[in-house]
Amino acid sequence: MRKALFFLALCAWPAFADYTSQDVQRVMQRDFHARGQATMDRVLQDGLQRVCTESGDKPPAGLAKALEADQLKTIDFPGGSLIGDWKRGERIAQVGRGLQWTDSAGAPGGGSCYNCHQLSPQETSHGTLGPSLLRFGAVRGSGPEMQRYVYGKIYNAKAYNLCSQMPRLGYSGTLSAEQIKDLVALLLDPASPVNR
Amino acid sequence: MTRLSRIGLFFVGALACVPLVAQDAKKEIQRYQQMIAEGSPVELFELGGEELWKKPQGPNSASLEKCDLGLGPGVLKSAYARLPRYFKDADRVMDLESRLLHCMTTLQGRSREEATRRVFGNENQPSEMEYLSAYVAGQSRGFKLAAGAAHPKEKEAYQLGKALYFHRAGAWDMSCASCHGDEGKRIRMQELPVLYKPQFARPIMATWPAYRVSNSQFKTMQWRINDCYRQMRYPEPTFASDATVALTAFLTVTAAGEPYRGPGTKR
């Protein structure tokens, strides 16, 4: 049923003029090449990338719900407390490396958080592509439910908003479970500068 | 190139002195942009490019002086402002760099492999493409951007470029529009032009290629696209490939009518 819905949706949407996302993918397979850890499988769209491309990031609600549920299943929630060390989290939030062809494979990457979000008030060089997260935990609380949501959102943002522009930082292998816990602490720990 | 490096260092030093307090940031950035434009070494790159343009190279020991950039062999005036465009002899749409590469292989007899071995230079040693781009683009100052948009292959390139702009893939699910999709957004302190809209594409496309003060390097449009895809966590777009030319075609057609005033000087 879900698959049928998916394919129906693909047929119903007009793509950009003459080029379907499959055409574009074929062009990329021809005109891009692997370099370092940036391998060619990365130009193969998965289901949600295709749905978001072809719907202009506005998928029909039913399809979005179904695909978000699939994404939620990819999240590997660790047991116990999800709050790590906010000081390490602050450093991870600052670093923009990871998964690029110029990064060495296996070296720990960062969350690139400040590229798009405001977090600690001391860091004034922050982007605005994502919402400000200043006082995130102070406003929302830091209980187990909130910890689980923040961990999940960082691991796979698409489980909560299918066509979000935020990368799936855990799912893509950019961040480890420990790193994500440190970022959860940066957002939720009352001692974190985000909340003080 | 030590002179260029010193100039670059001076500007980086100047940048560090500019207090980037959030509320004043925009004004400060504008002041800084004005300051760096006043002492840009772009002219030195144009002179270096002219030397390379006239220098016999390759198995044919030929210069690029007979290179046809669309207005006839050796005609440089306003040629860059009309790129990308369709070239009958190659039967494809070409941007500046792909056309230069075409001339290197046909006129100079060089292999594509040799001519593309080092297309992006660094602070100490800019690339041949960078020098040549500065020289050729400089000959279009004051001419309105008018990339080809009439030939079926030019229309095809525009459509492909537009589709590429909104195509989401890669390890981080990004398209160009992920960053260049909504107005008034920034990455860190860098403002992001919404390049599919003419009012934002115009000032940007009118100032590439450009000298980058922050790393003392002259950068081409091919480099700009390459480095975006690196940060988008894609594999590498092949230099001068149809995909890269199509993106530039889409952006330049979108910017049509803007008087070219590059090569620019950027942060």
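This report describes the domains, the chain contact, the helix packing and the strand pairing of a predicted model.

**Chain A and its domains**

The domain assignment divides chain A into domain 1, residues 2-58, and domain 2, residues 86-188. The C-alpha centres of domain 1 of chain A and domain 2 of chain A are 26 Å apart, and the contact between them draws seven residues from domain 1 of chain A and eight residues from domain 2 of chain A. On the side of domain 1 of chain A that touches domain 2 of chain A, three residues are nonpolar, two are polar and two are charged.

**The contact between chains A and B**

Across the contact between the chains, 39 residues of chain A meet 34 residues of chain B. Four elements of chain A, namely helix 2 (21-31), strand 1 (32-33), helix 3 (47-54) and helix 6 (113-116), each supply at least two residues of the side that touches chain B, and the largest share, five residues, is that of helix 2 of chain A. By class, this side of chain A holds 18 nonpolar, 16 polar and five charged residues.

The two chains are also linked by strand pairing: strand 1 of chain A is joined by two bridges to strand 7 of chain B (residues 236-237), and these strands run antiparallel. Within this pairing, F32(A) has P237(B) in strand 7 of chain B as its bridge partner.

**Helix packing**

The table lists three helix pairs, one in chain A and two in chain B, with the angle and the distance between their axes.

| Helix pair | Angle between axes | Distance between axes |
|---|---|---|
| Helix 3 and helix 4 (residues 61-72) of chain A | about 150 degrees | 11 Å |
| Helix 4 (residues 96-106) and helix 6 (residues 128-138) of chain B | roughly 110 degrees | within 11 Å |
| Helix 7 (residues 152-165) and helix 11 of chain B | about 95 degrees | 7 Å |

In chain A, the angle makes helix 3 of chain A and helix 4 of chain A roughly antiparallel to each other, and helix 3 of chain A passes helix 4 of chain A in a left-handed crossing. The residues that meet are G47(A), L48(A) and V51(A) from helix 3 of chain A, and L63(A), L67(A) and Q71(A) from helix 4 of chain A. Four of the residues in this contact are nonpolar and two are polar, with no charged residue among them.

In chain B, helix 4 of chain B and helix 6 of chain B are roughly perpendicular to each other, and the crossing of helix 4 of chain B past helix 6 of chain B is right-handed. Here L96(B), E97(B) and L100(B) of helix 4 of chain B meet M129(B), L132(B), S133(B), V136(B) and A137(B) of helix 6 of chain B, a contact with six nonpolar, one polar and one charged residues.

Helix 7 of chain B and helix 11 of chain B are likewise described as roughly perpendicular to each other. Their contact includes A157(B), Y158(B), G161(B) and L164(B) on helix 7 of chain B, and A246(B), A249(B), F250(B) and V253(B) on helix 11 of chain B. By class, the contact of helix 7 of chain B with helix 11 of chain B has 13 nonpolar, one polar and two charged residues.

**A three-stranded sheet in chain B and the loops leading to it**

Chain B contains an open sheet of three strands in the order 6-5-8, with mixed pairing. Strand 6 (217-219) and strand 8 (264-266) of chain B are at the edges, each with a single partner strand, so one side of each has no neighbour in the sheet. Neighbouring strands of this sheet are turned against each other by 30 degrees on average, direction ignored. Strand 5 of chain B (residues 210-212) pairs with strand 8 of chain B in the parallel sense over three bridges, and R212(B) has K266(B) in strand 8 of chain B as its bridge partner.

Two cis peptide bonds belong to this part of the description. One joins W208(B) and P209(B), with omega about -5 degrees, and P209(B) is placed in the loop between helix 9 (198-205) and strand 5 of chain B. Another joins G262(B) and P263(B), with omega about -10 degrees, and P263(B) lies in the loop between helix 11 (242-254) and strand 8 of chain B.

**A positive phi value**

Elsewhere in chain B, D91(B), a residue other than glycine, has a positive phi near 50 degrees. D91(B) is located in the loop between strand 1 (85-87) and strand 2 (92-94) of chain B.

Technical notes:
Residues are numbered from 1 along each chain as its sequence is written. Chains are lettered from A and ligands numbered from 1 in the order in which they are written. This is a predicted model: local features need pLDDT of at least 70, side-chain atom pairs count only at pLDDT 80 or more; totals for chains, interfaces and linings use all residues. Domain bounds come from an automatic or database domain assignment. Two residues are in contact if their C-beta atoms, placed from the backbone, lie within 7 Å. Ala, Val, Leu, Ile, Met, Phe, Trp, Tyr, Cys and Pro count as nonpolar, Asp, Glu, Lys and Arg as charged, and the others, Gly among them, as polar. Two strands pair if DSSP finds at least two bridges between them. Axes are lines fitted to C-alpha atoms, for helices over the stretch in contact, and angles run from 0 to 180 degrees between N-to-C directions. Angles under 35 degrees count as roughly parallel, over 145 as roughly antiparallel, 65 to 115 as roughly perpendicular and the rest as oblique. A crossing is left-handed if the near helix is turned anticlockwise from the far one by less than a right angle, and right-handed if clockwise.
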